[in-house]
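This report walks through one structure, beginning with a single loop residue and then widening to the chain and its aromatic contacts. Please keep the sequence and the model at hand while reading.

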Amino acid sequence: TARDEQKIDSLTDFFFNSKLKVLGSNTSSKDETDFISSNQIKTRNTSINSSSKSEGYDLSNNLKLLKRFKKKDRLLTVTYGNTFSETNSGGILKTDNYSYADSSDFLISVNQKKKGLNNNQSHIAGVSYIEPITKKIKIEASYDFMYYNSKQNKLALNNIGGEYNQLDSTLTNNFINVKQINRAGLKFIYEVKKMRFTIGTKARNVFVNNNNMFTNQRITQNFNNVLPFSTIRYKFSDNKVLDVKYTTSSQNPTISQLQPVRDNSNPNYINIGNPNLLPTFMHSINLNFNSWKSISGKYTWMGLTYNYTNNDIATATTYDSIGRTVSQAINVNGNFNFNGYIGTSLPFFSKKLEVGPNLWASYSENKSFINGLANNTQDLRSNLALDVRLNLDDFSAGISGYYSYNSAYSSLNNS
């Protein structure tokens, strides 16, 4: 790790940091699974032996320039960051499958040599400028450019006649994912002694190029998003603060989720990528309240969070007649979660006795697909706790207890 800070002049600062990691691993595993039918009869057995070795590196660099001006609160910020990473891997996969029952569905034994190369790089540049309009009002304009290039090369060779010389085209691929993002933002800031209010938006264009070099197939995607946001911070006093925040965000799928070649490292659990995945879009609302009194020791806190996601990345799972699981990442709409908490610490007898009740609860709804059918899950979790602590000059003791209530629902299990 390297760091540097330079003061170019009385109004200009420059920051730099760089970090390098060297990676390496050597693993081996053995797994044996028996499949038992509903009438307690063994139907088949799977044995998996695998070994792999990988080596690589992660490199990241960040630059930042801060330029202040003679006019108070006027500020120019310029940033640039990049990351480079590469992982080379290789290994042997052997699976043996034995069926105890006649079935049209069967698994063949596998003896393969695996090679993999993952190469990723990113470049992110940004500039922001804050201009004070009055003593209470400021305007901030920003622009960011982001470039991501991810390459994943998978090679599978079957053992024929004692040598790994037969290419398995169903498990081999060279997949390249390139993303370019242009994002411009504008923010209004109003700030007085007790309150700070901001509102703004960021508009962005996302261009995605998914290129399957092995099959010469290309999928391009072009998205335009508007990401509004707003925050308010109100100070009732120096020790009582309320924060309310609304934000929007978007998350791109990873190259592992996009890679259209199935992973056969475990023949009973097969994962297939989806090059048609769309970026997610999340709305978030957060509320936090804190009040503390340093002299008396009383402290009260409260928080609420709500997240709603469009194009969330979920899983479509299928099970076949012999127990295999095949899963693929897909986009779904309507997933959301909510959680809240409240608590306080109450001192008595000059802080010799402290009583702290607190409550926490969460609720979420998520969608997935199982064997082509939509599965809606609901999850409720809650916890009510009480802490009591005795603090004397030469003796201290405490006792705590809690009550939890959890409930889960699945539409397919309850249909």
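## Two loop residues with positive phi

N216 sits in the loop that runs between β9 (195-212) and β10. The model is a predicted one, and in it the phi angle of N216 is near 60°, a positive value in a residue other than glycine. N216 is also exposed, since its relative accessible area of 69% lies over the 50% that marks the exposed class.

D73 offers a second case of a positive phi, here about 75°, although D73 is not a glycine. D73 is placed in the loop between β3 (42-68) and β4 (75-99), and with a relative accessibility of 39% D73 counts as partly exposed, whereas N216 is exposed.

## The chain as a whole

The secondary structure of the chain consists of one helix and 20 strands. The chain is more spread out than a compact globule, because its radius of gyration is 28 Å, well over the 22 Å that the globule rule gives for 415 residues. Along its principal axes, the C-alpha trace spans about 80 × 55 × 45 Å.

Of the 415 residues, 30% count as buried, and the chain exposes about 24800 Å², of which carbon and sulfur atoms supply 55%. When contacts between residues at least 6 apart in sequence are considered, 62% of them join residues that are at least 24 apart. As for charge, the chain carries 46 positive and 31 negative side chains, and the centres of these two sets lie 10 Å apart.

## Aromatic pairs

How many aromatic pairs does the chain have? The count comes to five aromatic pairs, and one of them is formed by F236 and F289, which meet edge-to-face at 6.3 Å centre to centre with 70° between the planes. F236 belongs to strand β10 (residues 217-237) and F289 to strand β13 (residues 280-293), so this pair ties together parts that are 53 residues apart in sequence. The two partners differ in their exposure class: F236 is partly exposed, with a relative accessible area of 37%, while F289 is buried at 19%. Both rings also belong to one aromatic cluster, which is formed by Y234, F236 and F289.

Another pair is made by Y306 and F336, whose ring centres are 6.0 Å apart and whose planes stand at 40°, so the pair is tilted. This pair, too, links distant parts of the chain, given that Y306 lies in strand β14 (residues 298-310) and F336 in strand β17 (residues 335-348), 30 residues apart. Y306 is partly exposed, with a relative accessible area of 32%.

## Residues in strand β2

Strand β2 (residues 12-36) holds V22, and F14 lies in strand β2 as well. V22 is exposed, with a relative accessible area of 72%, whereas F14 is partly exposed at 27%. Leaving aside neighbours within four places in sequence, V22 is in contact with G56 and Y57. V22 and D58 are 36 residues apart in sequence, and their C-alpha atoms are 6.6 Å apart in space.

F14, with residues up to four places away in sequence not counted, touches D4, E5, Q6, I8, L63, K64 and L65. A separation of another kind is given by F14 and V206, which are 192 residues apart along the chain and have C-alpha atoms separated by 30 Å.

## A buried serine in strand β16

Is S327, in strand β16 (residues 325-332), buried or exposed? S327 counts as buried, because its relative accessibility is 17% and the buried class covers values under 20%. Apart from residues up to four places away in sequence, the residues that S327 touches are I270, N271, I272, T315, A316 and T317. S327 and A314 are 13 residues apart in sequence, and the distance between them is 10.0 Å, C-alpha to C-alpha.

Notes. Residues are numbered from 1 along each chain as its sequence is written. Side-chain values use heavy atoms; hydrogens and water are left out. Helices (H or I, at least four residues) and strands (E, at least two) are DSSP runs, numbered from the N terminus. The radius of gyration is taken over C-alpha atoms; the globule rule is 2.2 Å times the number of residues to the power 0.38. Buried means under 20% relative accessible area, exposed over 50%, partly exposed in between (1.4 Å probe, protein chains only). Contact means heavy atoms within 4.5 Å. Accessible areas come from the Shrake-Rupley method with a 1.4 Å probe; for residues, only the protein chains shown count as cover. Lys and Arg count as positive and Asp and Glu as negative; His and the chain ends are not counted. The place of a charge is taken as NZ of Lys, CZ of Arg, CG of Asp or CD of Glu. Rings of Phe, Tyr and Trp (its six-membered ring) pair if their centres lie within 6.5 Å; planes under 30 degrees apart count as stacked, over 60 as edge-to-face and the rest as tilted.
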